[in-house]
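Here is my note on the model you sent, set out as numbered points so that you can follow each one with the structure open beside you.

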Amino acid sequence: MSYFPFFIDIENKSCIIIGGGRVALRKVQKLKPFNPEITVIAPEICNEIKKLGGITLIERSFEENDLRHAFMVISATDDIKLNADIYDLCRERKILVNTVDDKTKCGFIFPSIVKEENVSIAVSTSGSCPVFARYLRKKLQSLLQKDFMAAKKLSLWRGLVKERIPSESGRKRALKKILDLLLSDITVDERTIYRIIEEEA
């Protein structure tokens, strides 16, 4: 089975992570940059999670009522039966659910993520080879540092391009010219960018 990649806004959405060990920690670390409301539920929660801050911690066993307002759930316990029960409850309630290390009990899977400011790149092998996905993520991250900086600068000019250039085709041409310049080894000054915008206006 292959998974369709799509990006979803999880800011301020309720994310319940059931389990408090190293696996849960990795999921929390992946999610935090996207600003969901994270709640970790487990009888024991590791100190690394406690030190992260900005997370609701509930140190007890999972209860069915914990799913009441959940937007998404990550089941990261080492109890196979509990994970299966959580999956079934989420499916009944149409809640997005990920069961760690069990692709058959996942409504979604975690890609390997490259994130820089508002640019996100997701790499997935559809759960078949996570080690290779992590390898690709690291390779992409090292290759794209310069590109990320160019994308960040381009986003600063995008508003002016939209304001000054009425046609969509003109905006596309201007943004492509500006991006090409930013990705080149040429030092780009503001006058050059203003000239490109005026040419397409």
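1. Lys-94 is a good place to begin, since this residue is exposed, with a relative accessible area of 76%. Please keep in mind throughout that this is a predicted model. Lys-94 sits in the loop that runs between α3 (80–93) and β5 (96–99), and its phi is positive, at about 60 degrees, although the residue is not a glycine.

2. Asp-101 can be read alongside that residue, for it has a positive phi of about 65 degrees and is not a glycine either. Its place is the loop between β5 and β6 (112–116), and with 78% relative accessibility Asp-101 counts as exposed.

3. Turning to the interior, the largest nonpolar core has 20 residues, and among those with the most contacts inside it are Ile-17, Leu-31, Ile-38 and Ile-74. At least two residues of this core are supplied by each of β1 (14–18), α1 (22–31), β2 (37–41) and β4 (72–75), while the largest share, four residues, comes from α1. As background, nonpolar side chains tend to be buried together in soluble globular proteins.

4. Which residues does Ile-74 touch, once its neighbours within four places in sequence are left aside? Its contacts include Cys-15, Ile-16, Ile-17 and Ile-18, and also Lys-27 and Leu-31. Further along the chain, Asn-98, Val-100, Phe-108 and Phe-110 are in contact with Ile-74 as well.

5. A second core, separate from the one above, has 14 residues, including Ala-150, Ile-178, Ile-193 and Ile-197.

6. Nonpolar side chains can also be found on the surface, where Phe-4, Phe-6, Ile-8 and Leu-96 form a patch with about 450 Å² of accessible area together. Within this patch, Ile-8 belongs to the segment before β1, and this residue is partly exposed, with a relative accessible area of 44%.

7. How many disulfides does the structure hold? The number is zero, and two cysteines may help you to see the reasoning, given that a disulfide is a covalent bond between the sulfur atoms of two cysteines. The closest cysteine sulfur to that of Cys-46 belongs to Cys-15 and is 15 Å away, so the two are too far apart for a bond. In the case of Cys-106, the closest cysteine sulfur is in Cys-90, at 11 Å, which is again too far for a bond. Both of the cysteines examined here lie in the interior, as Cys-46 is buried with a relative accessible area of 16%, and Cys-106 is buried with a relative accessible area of 13%.

8. Charged side chains deserve a point of their own, because side chains of opposite charge can pair when their charged atoms come close. A search of the whole structure finds 14 salt bridges. One of these joins Lys-50 to Glu-59, with the closest N and O atoms 3.5 Å apart; Lys-50 is partly exposed at 37% relative accessibility, and Glu-59 is partly exposed at 46%.

9. Where do the two partners lie in the salt bridge between Glu-200 and Arg-173? Their closest N and O atoms are 3.0 Å apart, and since Glu-200 lies in helix α7 (residues 190–200) and Arg-173 in helix α6 (residues 168–183), the pair ties together parts that are 27 residues apart in sequence. Glu-200 is buried, with a relative accessible area of 11%, whereas Arg-173 is partly exposed, with a relative accessible area of 41%.

10. Glu-200 also meets Lys-177 in a salt bridge, at 2.8 Å from N to O. This pair likewise links distant parts of the chain, with Lys-177 in helix α6 and Glu-200 in helix α7, 23 residues apart. Lys-177 counts as partly exposed, at 34% relative accessibility. Elsewhere, Arg-60, Glu-63 and Asp-66 are joined into one network by salt bridges that share partners.

11. Finally, please look at Ala-151, which has its place in helix α5 (residues 145–164) and counts as partly exposed at 27% relative accessibility. Ala-151 and Val-119 are 32 residues apart along the chain, and their C-alpha atoms are separated by 7.8 Å.

Key
Residues numbered from 1 in each chain as written. Predicted model: local features only at pLDDT ≥ 70, side-chain atom pairs only at ≥ 80, totals over all residues. Heavy atoms only, no water. Patch = residues over 30% accessible without salt bridge, like charges linked within 9 Å, V, L, I, M, F, W, Y side chains within 5 Å. Areas by Shrake-Rupley, 256 points an atom, 1.4 Å probe, with all protein chains shown as cover. Salt bridge = Lys/Arg side-chain N within 4 Å of Asp/Glu carboxyl O. Buried < 20%, exposed > 50% of the residue type's maximum accessible area, 1.4 Å probe, protein only. Core = buried A, V, L, I, M, F, W, Y, C linked by side-chain atoms within 4.5 Å. Contact = heavy atoms within 4.5 Å. Disulfide = S-S within 2.5 Å.
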